Amino acid sequence: MKISFKKHGKTISIKSLAMLALPLALSFNACKKDPVAEPKPTPTPETPKEALVLDHIKVNTVLEDRVSDPNVPDYLVNKNIAVLAELTIKPGVVIAFSQDSRLDINSNGSIVSVGEPNKKIRFTGQVAQRGYWSGIAIYSISSINEFTHTEIMHAGSKPMFDNIKTAIGLFEQARVSLSSTTVAQSGGYGMYLRNKSILNTFAANRFTDNKEAPLMLTAENIPQLDAATVFTGNNGRNVIEVMGSYIDGADEITWPAFQDNTPYRFLGGITTRTGWKLLPGTTIEVTENNMINIERGYINAIGTADKKITIHGAVKSTGTWKGITIYSKSASNVMEHVKISHAGGINMLGGTKATLALFGSNHANLSLRNSEISHSGGYGIHLFGKNASLNTDVEASNTFVANALSPVFAEH
């Protein structure tokens, strides 16, 4: 059967229409692109689990990393909590503390916080502001107490003990190791070590943006400090504060010189009872009216022309601290390439002001060369008694600048 219709007076068949439509269909098919693979759906982000609220740790406990996002806390501390057993914290864990809350590692407890370089453990404030929570108080004498690859942020809100604000505080006999750890944004000190507390190890740490100094400690823990730790990151005082104490021990004690040139600042008198060695580049600041006593042992301070050892006043003006008294007769009392300034502010041996004073009754002895004594409020050196001895070329081999009195006074 033939189907047709008229258009403009002409008869057109369906077959003819089909032939006309064929080129159009071919053209359309030629323009179609090859099929494109549909994009894979974007992975759905992990839904953060609700942080768990911690309470007192009374049994051995392991805290796991529950949330992969390091900005989301795994655990919350909403009050002061005590650790009364072994607490182990896994890499990646974030613990956030409420305002003024504290973590106490009690005498029968311990803490092991060992993260990884790319998966650090974080102790933070629930609000990220300096001095928000109180900090970590360590009373435990356990040798396993450790912080490695850990960040301790926003602590130091209120005094812990001895009326000291600090992010980490160690009580008497307490022990801890600190390595590759950052202590930052404390409302007080970064770390406070009470007398007779113990640093097991201390290496490659960083203290930054703390309101007070990075560390306050006694002389006994200084040999554990390492030269590579950074103490100069915008702290209130970029110094290591050393409380009045003794340099003691059976063997020679060596103090490190820090790569970032951080000075030691003596807050009280320092007395030696063994050999004390200062490395080239060491800087010591002495606060007003305090002194250094070489009672037993010796002082061995040998710098170089490029890395002098410097001992000066925390206040850099004439006679602001007392000076150095030497009672020891050891032949190891040697100072070379040393600069000592601003001492001689208060009478020492025999009521005399001087930067260095040697006690003759003990046959005190010192070899001093290639060094400078300046801005003393009295003499450069005072020999008190006929048995005190110096190298005979002491005035020729050293420099004496702007001292109130003569370079050397021998009082027999």
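**Entry 1: the chain as a whole**

I began with contacts in this predicted model. Among the contacts with a separation of 6 or more, 66% join residues 24 or more positions apart. Next I looked up the secondary structure and found one helix and 40 strands in the chain. I also checked burial: 51% of the 412 residues count as buried. For the surface, I noted that the chain exposes about 19400 Å², with carbon and sulfur atoms supplying 51% of that area.

**Entry 2: salt bridges**

I reminded myself that side chains of opposite charge can pair when their charged atoms come close. How many salt bridges does the structure hold? I found 15 of them, and I picked out a few to follow by eye.

My first pick was Glu151 with Arg122, whose closest N and O atoms are 3.1 Å apart. Glu151 belongs to strand β14 (residues 150–153) and Arg122 to strand β11 (residues 121–125), so this pair ties together parts that are 29 residues apart in sequence. Are these two buried or exposed? I noted that both Glu151 and Arg122 are buried.

My next pick was Glu285 with Arg265, which meet in a salt bridge at 2.9 Å, N to O. Glu285 sits in strand β28 (residues 283–286) and Arg265 in strand β26 (residues 264–266), so the two tie together parts that are 20 residues apart in sequence. Here too I wrote down that Glu285 is buried, and so is Arg265.

Then I turned to Arg273 and Asp248, whose side chains form a salt bridge at 3.8 Å, N to O. This pair links distant parts of the chain, 25 residues apart: Arg273 is in strand β27 (residues 270–278), and Asp248 is in the loop between β24 (245–247) and β25 (253–255). I looked up their accessibility as well. Arg273 has a relative accessible area of 29%, so I logged Arg273 as partly exposed. Asp248 comes to 44%, so Asp248 is also partly exposed.

Which residues are linked with Asp248 and Arg273 in a network of salt bridges? My answer is Glu295 and Arg296.

**Entry 3: the cavity**

I went looking for empty space inside. Rolling a probe the size of a water molecule over the atoms shows where such space is left. I found one cavity of 30 Å³ or more, and about 40 Å³ of space lies in the largest cavity.

Which residues line the largest cavity? I listed Leu54, Ile57, Val77, Ile81, Leu87, Ile89, Ile95, Phe97, Leu103 and Phe123. When I sorted this lining by type, I got ten nonpolar residues, no polar ones and no charged ones. I also asked where the lining comes from, and noted that β7 (86–89) and β8 (94–97) each supply at least two of its residues.

**Entry 4: two positive phi angles**

I kept in mind that most residues other than glycine have a negative phi. That made me curious about Asp162, where phi is near 55 degrees, a positive value. I located Asp162 in the loop between β14 and β15 (166–170). Its relative accessibility is 35%, so Asp162 counts as partly exposed.

Asn370 also has a positive phi, near 55 degrees. I found Asn370 in the loop between β35 (365–369) and β36 (372–374). With a relative accessible area of 43%, Asn370 is partly exposed.

**Entry 5: two buried asparagines**

I looked at Asn293, which lies in strand β29 (residues 291–302). Why does Asn293 count as buried? Its relative accessibility is 17%, and the cut-off for buried is under 20%. Leaving out residues up to four places away in sequence, I saw Asn293 touch Ile270, Thr271, Thr272, Thr325 and Tyr327.

My last stop was Asn403, in the loop between β39 (399–401) and β40 (408–411). Asn403 is at 15% relative accessibility, so I put Asn403 down as buried. Where does the chain come back to Asn403? I checked Gly378: the two are 25 residues apart in sequence and 6.5 Å apart in space, C-alpha to C-alpha. Gly378 is also one of the residues that Asn403 touches, along with Ile373, Ser374, His375 and Ser376, again not counting residues up to four places away in sequence.

Definitions and conventions. Residues are numbered from 1 along each chain as its sequence is written. This is a predicted model: local features need pLDDT of at least 70, side-chain atom pairs count only at pLDDT 80 or more; totals for chains, interfaces and linings use all residues. Side-chain values use heavy atoms; hydrogens and water are left out. Helices (H or I, at least four residues) and strands (E, at least two) are DSSP runs, numbered from the N terminus. Buried means under 20% relative accessible area, exposed over 50%, partly exposed in between (1.4 Å probe, protein chains only). Contact means heavy atoms within 4.5 Å. Accessible areas come from the Shrake-Rupley method with a 1.4 Å probe; for residues, only the protein chains shown count as cover. A salt bridge is a side-chain nitrogen of Lys or Arg within 4 Å of a carboxyl oxygen of Asp or Glu. On a 1 Å grid over the protein atoms alone, a cavity is a set of points where a 1.4 Å probe fits but cannot get out, and a pocket is an open set with protein on both sides within 12 Å along at least five of seven lines; lining residues have an atom within 4 Å of a point. Grid points are joined across faces, edges and corners, and a volume is the space filled by probe spheres set on the points. Ala, Val, Leu, Ile, Met, Phe, Trp, Tyr, Cys and Pro count as nonpolar, Asp, Glu, Lys and Arg as charged, and the others, Gly among them, as polar.
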